[in-house]
Amino acid sequence: MKLKTSSVYDCCVIDVSKVHNDSGNITVVENGHNIPFDVKRIYYLYDVPSGEARGGHAHYELEQFIVAASGSFDVIIDDGINKKRVSLNRPNLALHMVPGLWRELDSFSSGSICMVLASHKYDETDYIRDYDKFLKLKK
Ligand code: TYD
């Protein structure tokens, strides 16, 4: 399978905006409105032990919105040439991850929740879990 020629500069943090209220805020993500793909799956990562890192893979096709639903963490994006560290710490900010990029997540704060809105259902064949293979496919 061919890996997309995407770069770290294709990823950006989107302010999804919020419905502000003195008694609490609401952030809405709606297919066809404020997300550049249709959401097929939502998963969240939590109870990450202090000092632990997650990710360590790339995807052929999967596109994602990564949100710090609670607390904070960093996403390190890598296109084989450039690396970019993005800190997420507000529930209204979503990192738009395009396919074809290596990613790692670290610096999880205590009690943080990493919510991911994904463009496809879970498919292990969409993963590249070997960094050397990723670099070869990126060339
Ligand atoms: P993985 O995506 O590698 O986690 P992370 O990027 O957070 O380190 O997923 C870890 C395991 O969880 C994987 O081997 C299978 C399972 N899993 C599912 O069954 N369905 C899913 O939607 C996801 C994201 C993971």
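Is Ser112 buried or exposed? Ser112 counts as buried, because its relative accessibility is 3% and the limit for that class is under 20%. The model is a predicted one. The points below cover its strands, its nonpolar core, the ligand shell and several residues in loops and in helix α1.

**Open sheet**

- An open sheet is built from five strands, arranged β6-β5-β8-β3-β10 with antiparallel pairing.
- At its edges are β6, spanning 83-88, and β10, spanning 127-128, and each of these has a pairing partner on one side only.
- Six bridges link β5, residues 73-78, to β6 in the antiparallel sense.
- Within the pairing of β5 and β6, Phe73 is placed opposite Leu88 of β6.
- In general, backbone hydrogen bonds hold paired strands of a sheet together, in either a parallel or an antiparallel arrangement.

**Pairings of β9**

- Strands β2 and β9 run antiparallel and are joined by five bridges.
- Opposite Leu45 stands Cys114, a residue of β9.
- β9 also pairs with β4, which covers residues 64-70; this pairing is antiparallel and has six bridges.
- Here the residue opposite Ile66 is Val116 in β9.

**Nonpolar core**

- The largest nonpolar core has 19 residues, and those touching the most other members are Ile66, Phe73, Val75, Ile77, Leu88, Leu95 and Cys114.
- Two or more core residues come from each of β4, β5, β6, β7 (93-97) and β9.
- β5 gives the largest share, three residues.
- Phe73 and Leu88, which stand opposite each other, are both among the core residues with the most contacts to other members.
- Ile66, set opposite Val116, is also in that group, as is Cys114, the residue opposite Leu45.

**Ligand shell**

- Around the ligand are Arg41, Tyr43, Leu45, Arg54, Gly55, His57, Tyr122, Tyr127 and Arg129.
- By class, the shell consists of four nonpolar, two polar and three charged residues.
- Strands β2 (41-45) and β3 (54-59) each contribute at least two residues to the shell.
- Leu45 belongs to this shell and also stands opposite Cys114 in β9.
- The side chain of Arg54 has an N or O atom 3.0 Å from an oxygen atom of the ligand.
- Gly55 has a backbone N or O atom at 3.0 Å from a ligand oxygen atom.
- For Arg129, an N or O atom of the side chain is 2.9 Å from an oxygen atom of the ligand.
- Of the 530 Å² of accessible area that the ligand has on its own, the protein covers 62%.

**Loop between β2 and β3**

- Asp47 is located in the loop that connects β2 and β3.
- Its phi is near 55°, which is positive although the residue is not glycine.
- Most residues other than glycine have a negative phi.
- Asp47 is classed as exposed because its relative accessible area is 67%, where the class requires over 50%.

**Loop between β8 and β9**

- Ser107 lies in the loop between β8 (102-106) and β9 (113-118), and Ser112 is in the loop between β8 and β9 as well.
- Ser107 has a positive phi, near 55°, and is a residue other than glycine.
- With a relative accessible area of 45%, Ser107 is partly exposed, whereas Ser112, at 3% relative accessibility, is buried.
- From the side chain of Ser112 to the backbone oxygen of Ser109 the distance is 2.9 Å.

**Asp130 and helix α1**

- Asp130 sits in the loop between β10 and α1.
- Its relative accessible area of 41% makes Asp130 partly exposed.
- The side chain of Asp130 comes to 2.8 Å from the backbone nitrogen of Lys133.
- Between the C-alpha atoms of Asp130 and Ala69 there are 29 Å in space, and the two residues are 61 apart in sequence.
- Leu137 is part of helix α1, residues 131-138.
- Leu137 is partly exposed, at 27% relative accessible area.
- Along the chain, Leu137 and Ser7 are 130 residues apart, while their C-alpha atoms are separated by 13 Å.

Conventions
Residues are numbered from 1 along each chain as its sequence is written. This is a predicted model: local features need pLDDT of at least 70, side-chain atom pairs count only at pLDDT 80 or more; totals for chains, interfaces and linings use all residues. Side-chain values use heavy atoms; hydrogens and water are left out. Two strands pair if DSSP finds at least two bridges between them. Helices (H or I, at least four residues) and strands (E, at least two) are DSSP runs, numbered from the N terminus. A residue is near a molecule or strand if one of its heavy atoms lies within 4 Å of it. A polar contact is a pair of N or O atoms within 3.5 Å; within protein, one must be able to donate a hydrogen and the other to accept it, and residues adjacent in sequence count only if both atoms are side-chain atoms. Accessible areas come from the Shrake-Rupley method with a 1.4 Å probe; for residues, only the protein chains shown count as cover. Ala, Val, Leu, Ile, Met, Phe, Trp, Tyr, Cys and Pro count as nonpolar, Asp, Glu, Lys and Arg as charged, and the others, Gly among them, as polar. Buried means under 20% relative accessible area, exposed over 50%, partly exposed in between (1.4 Å probe, protein chains only). A nonpolar core is a set of buried Ala, Val, Leu, Ile, Met, Phe, Trp, Tyr and Cys residues joined through side-chain atoms within 4.5 Å.
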